[in-house]
Structures are given as structure tokens and as C-alpha cells.
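Thanks for sharing this one. Here are a few notes to read alongside the coordinates.

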Amino acid sequence: MPPLLDVQNLQTHFGTIDGVVRAVEGVSFHINAGETVGVVGESGCGKSVTAMSILRLIQTPPGKILFQGRDLLELSEPEMQAIRGKDISMIFQEPMTSLNPVLTVGRQIGETVVLHEGLSAREAEQRAVEMLTLVGIPAPGRRVREYPHQLSGGMRQRVMIAMALACSPQLLVADEPTTALDVTIQAQILELMRDLKTRVGAAIMLITHDLGVVAEMAQRVIVMYAGRKVEEGTVEEIFLNPLHPYTRGLMGAMPKLGSSLHETGRTKLTEIQGQVPSLRKPIIGCAFASRCPGVTDVCRKIAPAIEQKAPAHWVACHYAERAMAAA
């Protein structure tokens with residue numbers, strides 16, 4: 001069965017005064033129907049740009065983006081508008097800036113169903129009440145007439161999820177859905193997404209820098225660095241046997257529950273030395289070479305191809321076998 005979404009050699013570049021920024025460079029991946037795939041990496045590695053490229057919210061990039069067998073990059077803008085919000089929805093990173101401050105939350109949720117399902121204004125408001133009820137907002141009949149500034153951060157995020165799910169999409173792109181939320185609200189939002197995925201049956205592309213969220217929510221993980229995919233595998237493979245030095249660095253930087261109780265004392269978190277290379281200049285060799293503790297001359301001269309090292313594990317590293325042997 002073909003994947004729901006199949007991204008092939010995606011390249012998203014931006015022209016600036018200082019030169020061309022290669023935000024996404026040759027990224028390929030797929031998402032199956034009903035699957036949750038986590039996309040991880042530090043800020044500026046191309047996660048959000050990849051998501052916006054899929055929805056064509058930015059300039060049309062080279063490559064292929066096949067959704068249900070149709071190349072989204074070949075569709076007209078009206079055809080693309082018919083897909084956004086209906087078949088593919090997105091939860092944006094900042095709900096306060098993504099929601100319109102001068103429209104009620106009910107109006108904003110209702111706009112989607114009016115556009116895609118042709119409901120009347122009264123029917124759209126009723127659907128908005130139903131969606132606010134579904135995402136667990138109390139007193140939805142009153143909240144539907146309130147404005148974003150009248151809601152808490154957690155409620156605004158729930159409104160964003162309600163908007164994204166109003167037309168029962170087949171693919172939900174969640175860009176840092178728990179950013180700036182406290183731990184309790186974050187847990188509630190994740191539980192809500194898990195529950196709604198079961199009810200609606202949508203596949204989820206979960207963009208985050210929080211590996212704990214990925215471990216809890218995803219079946220597969222894509223690790224991005226400097227606009228490139230450097231590792232991909234199942235959650236079990238990535239967490240138990242990370243092969244790329246960048247992935248191992250991310251794992252080492254993640255706090256581990258109970259580590260301070262060991263006899264050896266507190267465990268110091270790993271720091272990835274150096275800075276992400278400039279995306280305005282062509283990168284020769286491995287993009288991670290300047291920060292890698294095991295770098296060699298080969299790494300600085302030749303970019304490693306992404307290769308399969310296990311049945312469900314791909315990595316772009318010249319020395320992946322060495323990491324496998326040491327595991």
C-alpha cells in the first residue's frame with residue numbers, strides 16, 4: 001500500500017540580500033496512513049520550513065510532494081486551497097500569533113467548515129461548539145463567542161487543534177504543539193492529540209525539539225540537521241541504537257529521570273560543541289563535521305549518503321558501522 005505522504009528530494013531555498021539560504025536540502029521521507037512520525041532537531045534545522053513546504057505556504061520548491069499519489073507541487077492554487085484545512089491541516093507553533101485577534105474563536109473554527117463543507121453560519125457555529133467540546137474546553141457555548149486574548153495559553157492551543165480537526169483531515173501537521181506550555185498543560189495536549197488521533201484516524205507529522213514527546217507519541221523518528229535528514233528509524237531503533245553522532249548528542253542532552261540518585265552522583269548532560277553551519281554557503285562534506293567528535297578528513301570532503309543500516313534504520317554517516325559495533 002503506498003504511503004499517504006511521500007516527500008522526494010525536497011529543496012527549499014530562499015533568496016536574501018546576503019545570498020541564497022538553503023533551508024531544506026534534498027530531504028526525502030514518507031508517512032503512512034494513521035502513523036505518527038516525529039521530526040526532531042534543534043532550532044533552525046529546517047523542520048518548520050519542511051512542514052510549510054508540504055502545505056505550499058511558502059514558495060514552491062523543487063522535488064516531489066506526493067499526497068495520495070498526487071504531486072502537490074503540480075496543483076493550481078485553488079486546488080491546493082481545497083486540500084489545506086480539509087485533507088491536510090496544520091497546528092501552528094504560536095497560537096496567539098496564529099489566531100486572528102479580532103475574530104471570535106467560533107468564527108475562526110467555523111470558517112474552515114464553511115469553506116470546505118458549505119455549511120451555513122449557524123451550522124458552522126454549532127460545529128465550532130462541537131469541536132470545542134471535543135478538545136475539552138469547558139462551557140463551549142460561551143467560549144465560542146470569545147476572542148483569543150480571553151483564553152489561556154492551553155485553551156488557545158486547544159482552539160488551534162479544534163480548527164485543524166474540524167474537517168477530519170487525513171494528515172495533521174503539528175509544529176511544536178506544546179511550546180510555551182507548562183508541563184501539566186503539555187501532558188493534557190499530548191493526551192488530547194493521542195485520543196483524537198484514535199477517533200479521527202489521522203496521520204500526524206509531529207515537529208518538535210523535545211525527544212520525550214517523540215518517545216511518547218511517535219512510531220518513527222526523522223532527525224534533521226542543517227536542512228538535511230541525517231537519521232531515520234523506528235522510535236525503538238533511534239532511542240536504543242542511535243547511529244549518527246548528532247542524534248547521540250541530542251540523546252545525551254536529554255535529562256534522565258533518577259540520574260541524580262545514582263551512587264556516582266549527578267550525571268552531566270552532554271553539550272554539542274560549536275554552531276550550526278551557515279546555510280547561506282554551500283556545505284562541502286558532512287554538515288555535522290565541524291561539531292563531530294569523531295570527524296576525519298573524509299567527513300570534511302565527502303558528504304555521506306543516507307544508507308539503510310538495519311531493517312528500519314537509515315543514517316547519513318561514514319562511520320555508522322563503527323557506532324553499530326560499539327553498541
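1. Helix H4 (residues 105-117) has the length one would hope for in this predicted model. Its 13 residues, at 1.5 Å a residue, should span 18 Å, and the end C-alpha atoms are 18 Å apart, so the two values agree.

2. Which residues of H4 are buried? They are Val105, Gly106, Gln108, Ile109, Gly110, Thr112, Val113 and His116. These buried residues pack against four helices: H2 (77-83), H5 (121-134), H6 (140-143) and H7 (153-165). Do also look just past the end of H4, where Gly118 adopts a positive phi of about 70 degrees.

3. On to the aromatic residues: searching the whole structure gives three aromatic pairs. In one of them, Tyr225 and Phe288, the ring centres are 5.2 Å apart and the planes stand at 90 degrees; an angle over 60 counts as edge-to-face, so this pair is edge-to-face.

4. That pair is worth a look in the sequence too, since its members come from distant parts of the chain, 63 residues apart. Tyr225 belongs to strand E9 (residues 220-225), while Phe288 sits in the loop between helix H11 (245-252) and helix H12 (297-301). Both Tyr225 and Phe288 are buried, and together with Tyr246 they form one aromatic cluster.

5. Finally, a hairpin: strand E11 (residues 307-310) and strand E12 (residues 313-315) run antiparallel and are joined by three bridges. Two residues make the connection from E11 to E12. If you would like a bridge to inspect, Gln308 has Trp314 in E12 as its partner.

Technical notes
Residues are numbered from 1 along each chain as its sequence is written. This is a predicted model: local features need pLDDT of at least 70, side-chain atom pairs count only at pLDDT 80 or more; totals for chains, interfaces and linings use all residues. Side-chain values use heavy atoms; hydrogens and water are left out. Rings of Phe, Tyr and Trp (its six-membered ring) pair if their centres lie within 6.5 Å; planes under 30 degrees apart count as stacked, over 60 as edge-to-face and the rest as tilted. Buried means under 20% relative accessible area, exposed over 50%, partly exposed in between (1.4 Å probe, protein chains only). The expected span of a helix is 1.5 Å times one less than its number of residues. Contact means heavy atoms within 4.5 Å. Two strands pair if DSSP finds at least two bridges between them.
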